[in-house]
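Student: Could you take me on a close look at one part of this structure and show me how its pieces fit together? I would like the terms explained as we go.

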Amino acid sequence: MRAWEKNIRRVDPYVPGEQPSGEKLIKLNTNENPYPPAPGVERALREMDYGRLRKYPDPAASVLTGCLAGYYGVGEDQVFVGVGSDDVLAMAFLAFFNSPKPILFPDVSYSFYKVWANLFGIPYEMPALDQEFRICPPDYYKENGGVVFPNPNAPTGLLLGLGEVEDIIRHNQDVVVVVDEAYIDFGGRSALALLNRYENLLVVQTFSKARSMAGLRIGFAIGNPRLIRALNDVKYSYNSYTMNMPSLVLGVESVKEERYFRDTVAKIVKTREQAKKRLCALGFTFPDSMSNFIFARHEKAAAPKLFEALKSRQIYVRYFAQPRLENYLRITVGTDEEMEELYHFLEGYLAY
Ligand SMILES: *Cc1c(COP(=O)(O)O)cnc(C)c1O
């Protein structure tokens with residue numbers, strides 16, 4: 001090892017799902033929305049004033065924070081935006097998880113939490129989900145340096161009711177509790193309803209899933225103005241211009257089209273419920289997902305083999321080679337047509 005190599009930070013990075021290219025492939029591996037962004041987004045993109053790219057964007061991202069504040073009925077000083085919720089969550093880890101006590105997040109959960117904790121030197125503990133993959137709120141009653149969990153959880157898809165979410169927050173009023181609601185629009189009740197009661201609650205959401213805009217990278221957090229100020233202090237200590245101009249403009253356009261948003265989400269929910277029936281009929285078992293993916297296993301089909309077989313037919317799903325997860329595939333809910341092709345393949349595969 002060369003001398004300078006000793007100074008390189010050793011990290012174990014997050015591994016994102018594959019982004020294969022090709023025309024015919026069916027991409028059910030990264031929980032993207034199969035439908036395009038709202039028509040107004042396309043219009044605004046076509047009419048965009050390229051001259052504005054010459055200038056730095058508004059560092060406060062005010063058009064977007066203002067728009068989200070109006071949409072969710074909160075103050076503008078209660079909204080923070082970032083480059084996808086990954087950026088927002090990373091900033092939240094830096095800003096709020098600064099205690100010598102371990103932060104808590106589920107052992108089976110969004111695998112980025114562990115990566116950020118390691119990168120930032122934050123101690124952590126991972127309470128185990130129960131046999132049915134459920135988060136057990138009492139596991140989060142013990143002393144800690146902060147709490148973060150996705151709701152619905154990933155990759156299980158299971159939703160905690162608002163009462164259970166509140167139970168976790170109520171037992172943790174001396175630390176910041178971050179609820180990662182990347183999938184909340186697919187059937188859950190948001191913890192935003194609890195904001196008035198808990199000043200230590202930060203709700204994080206994204207435009208990547210329900211709003212079909214993963215490629216633009218827009219995420220946001222809503223919480224007490226003191227939390228938002230702390231997030232901004234970290235952001236301005238790191239990179240003042242996280243949000244580019246097109247993202248700000250197109251994000252606002254997306255929020256304006258409520259009808260399209262609701263219709264698109266409803267279509268995915270309908271396809272998901274149909275998928276539960278079809279996969280069940282094929283012999284798969286899975287937790288009852290309230291997200292836009294299904295985490296399924298089959299007694300008679302080993303997940304890694306099925307994963308490869310699907311891939312060879314240009315159907316991409318996600319496989320996690322991890323204890324407790326190694327028999328499961330996470331299947332994003334696509335269009336009805338894509339799902340029909342999936343069922344068709346599975347019928348053939350399972351027939352022999
Ligand atoms: C997809 C996802 C995110 C990150 O989404 P962004 O594209 O960075 O907004 C965060 N948390 C969970 C649980 C996710 O599934």
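Tutor: Let's start with a term: a charge sits over a ring if NZ of Lys or CZ of Arg is within 6 Å of the ring centre and within 35 degrees of the ring normal. Arg-211 gives an example, since its charged end sits over the ring of Phe-261, 4.0 Å from the centre. Arg-330 lies over the face of Phe-293 in a similar way, at 5.7 Å from the ring centre.

A word on what you are looking at: this is a predicted model, in which local features need pLDDT of at least 70, side-chain atom pairs count only at pLDDT 80 or more, and totals for chains, interfaces and linings use all residues. Residues are numbered from 1 along each chain as its sequence is written, and side-chain values use heavy atoms, with hydrogens and water left out.

Now to the part I would like to show you, the surroundings of β6 (177–180). Helices (H or I, at least four residues) and strands (E, at least two) are DSSP runs, numbered from the N terminus. Two strands pair if DSSP finds at least two bridges between them. On one side, β6 pairs with β5 in the parallel sense over 4 bridges, and one of the matches is Val-147 with Val-177 of β6. Strand β6 also runs parallel to β7, joined by 4 bridges; here Asp-180 has Val-204 of β7 as its bridge partner.

Next, look at the side chains of β6. In a regular strand, side chains alternate between the two faces of the sheet. Val-177 and Val-179 are on one side of β6, while Val-178 and Asp-180 are on the other, and all of them are buried. Buried means under 20% relative accessible area, exposed means over 50%, and partly exposed is in between (1.4 Å probe, protein chains only). So both faces of β6 are covered.

How does the chain get from β5 to β6? With α5 as the helix, β5 and β6 make a right-handed β-α-β unit. Right-handed means that, with the strands pointing away from the viewer, the path from the first strand over the helix to the second runs clockwise. The buried residues of α5 are Leu-162, Val-165, Glu-166, Asp-167, Ile-168 and Ile-169. Their cover includes β5, β6 and β7, where contact means heavy atoms within 4.5 Å.

The loop between β5 (147–150) and α5 (162–170) deserves a stop too, and Pro-152 is found there. The peptide bond from Asn-151 to Pro-152 is cis, with omega near -5°. Pro-155 lies in that loop between β5 and α5 as well, and a cis peptide bond with omega of about 5° joins Ala-154 to Pro-155.

On the other side of β6, Asn-200 is found in the loop that leads from β6 to β7 (201–206). Asn-200 has a relative accessible area of 8%, so it counts as buried. Its side chain reaches the backbone oxygen of Val-175 at 2.9 Å. That is a polar contact, a pair of N or O atoms within 3.5 Å; within protein, one must be able to donate a hydrogen and the other to accept it, and residues adjacent in sequence count only if both atoms are side-chain atoms. Leaving aside residues up to four places away in sequence, Asn-200 touches Ile-169, Asn-172, Gln-173, Val-175, Val-176, Val-177 and Leu-227.

Following the chain past β7 brings us to rings. Rings of Phe, Tyr and Trp (its six-membered ring) pair if their centres lie within 6.5 Å; planes under 30 degrees apart count as stacked, over 60 as edge-to-face and the rest as tilted. The structure holds 22 aromatic pairs. In one of them, Phe-207 and Phe-220 have ring centres 5.9 Å apart and planes at 85°, so the pair is edge-to-face. Phe-207 lies in the loop between β7 and β8 (219–223), and Phe-220 is in β8, so the pair ties together parts that are 13 residues apart in sequence. Phe-207 is buried at 0% relative accessible area, and Phe-220 is buried at 2%.
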